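User: Hi! I'm new to protein structures and could use a friendly walk-through. Can we take a look at one together?

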Amino acid sequence: MKGSIVLGTLALLGLTGALLFVSLNEVHRMQTAARAYDARAIETGALEFEGRCRSCHGPQGKGSPLAPALNTADLFNGKRLQAAGFSGSVEDYVRGTISAGRPIPSAGTNYPQRMPTWSERFGGPLRDDQVDALVAFVMNWEDRALAEATAEPALPAGEAVGTDLAQTLPSGDAARGKTLAEGPLGCAACHTLSTVGPAWAGDGTTPGIGTRTASRLTEAGYTGAATTAGQYLLESIVSPNAYLVSGFEANVMPGTFSGRLTPQDAADVIAYMLTFK
């Protein structure tokens, strides 16, 4: 009888120890499983992106003349969500846009076509798991995009455009300026996709930036140093706080373009801005 009690006690202790061992390792096991699941989702999302999204949003989501960049800091730091008036998370914004599309253009948008609907729930071709995979792939860019924006180096002295408004810029290429504005520089997020900054395009009542620039110099409140339309546009890029258009706040536009752009870059962007009549 005593032997049976001893054996039962030992068995209970052994079972308790085994359960304790399993429970202590369960957290690690679940974390490993979650990382493996996320990795598979990202891999699947990468394939979906290459087949369905790359042609418009560009390689690695860096943008193109057809659609805005996704692999960019302004998506993840909240600026694009603020411009769209969206109060949820970035992940929710990405999922909603992929699922339901964007049939109505954002203010100032000049992309040739709208974002289509992709989720089956809204009449598109993708199942929920495929949408989730695409969301996982886009969100996978967050840390890299934010780090690149923070650590972006300035050009060496003499290669950057600087802040001298009297300098003579080279001839500008509007097509290249459009590519820069809608891609790596991110101008489109605030000036064409939204009105976080002054809209470049006209709206039927107010002319575009290419036409109204000259009138800025004669505004009573103008406080900048520009004396020509071209200088005004250069000033707005390299010294954005020199003059603030009524209704817009200081320190919203990055003040680093004077060290990031070459004179040719600046000339090309200005040439593109002047196409908005």
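User: What does arginine 95 count as at 26% relative accessibility?
Analyst: This is a predicted model, where local features need pLDDT of at least 70, side-chain atom pairs count only at pLDDT 80 or more, and totals for chains, interfaces and linings use all residues. Residues are numbered from 1 along each chain as its sequence is written, and side-chain values use heavy atoms, leaving out hydrogens and water. Buried means under 20% relative accessible area, exposed over 50%, and partly exposed in between, with a 1.4 Å probe and protein chains only. Arginine 95 has 26%, so the label is partly exposed.

User: Which residue's side chain meets that of arginine 95 in a salt bridge at 3.7 Å?
Analyst: A salt bridge needs a side-chain nitrogen of Lys or Arg within 4 Å of a carboxyl oxygen of Asp or Glu. The partner sits four residues away in helix H5 (residues 90–100), about one helical turn, and is partly exposed at 36%. With 3.7 Å from N to O, the partner is glutamate 91.

User: Which residue joins Glu91 and Arg95 in a network of salt bridges?
Analyst: Side chains of opposite charge can pair when their charged atoms come close. The structure holds 11 salt bridges. Glu91 and Arg95 are linked in a network with Asp132.

User: What is the N to O distance between arginine 80 and aspartate 74?
Analyst: Both residues are tucked away: arginine 80 is buried at 10%, and aspartate 74 is buried at 13%. Their side chains meet in a salt bridge, and N to O comes to 3.0 Å.

User: Which residue pairs with arginine 216 in a salt bridge of 2.9 Å?
Analyst: Arginine 216 is buried, with a relative accessible area of 12%. The partner is partly exposed at 26%. That partner is glutamate 219.

User: How many helices does the protein chain have?
Analyst: Helices are DSSP runs of H or I with at least four residues, strands are runs of E with at least two, and both are numbered from the N terminus. The chain has zero strands, and the pattern along the sequence is α written again and again. The helix count is 13.

User: How far apart are the end C-alpha atoms of helix H6 (residues 128–139)?
Analyst: The expected span is 1.5 Å times one less than the number of residues. Helix H6 has 12 residues, so H6 should span 16 Å. The model agrees, with its end C-alpha atoms apart by 16 Å.

User: What angle lies between the ring planes of tryptophan 200 and tyrosine 272?
Analyst: Rings of Phe, Tyr and Trp (its six-membered ring) pair if their centres lie within 6.5 Å; planes under 30 degrees apart are stacked, over 60 edge-to-face and the rest tilted. There are 10 aromatic pairs in the structure. This one is edge-to-face with centres 6.0 Å apart, and the angle is 75°.

User: How many residues apart in sequence are tryptophan 200 and tyrosine 272?
Analyst: Tryptophan 200 lies in the loop between helix H9 (187–191) and helix H10 (209–216), while tyrosine 272 is in helix H13 (residues 263–273). Tryptophan 200 is buried at 5%, and tyrosine 272 is buried at 4%. The pair links distant parts of the chain, and the separation in residues is 72.

User: Which residue is in a ring-pair cluster with Phe49 and Phe137?
Analyst: Phe137 is one of the buried residues of H6. Ring pairs link Phe49 and Phe137 into a cluster with Trp141.
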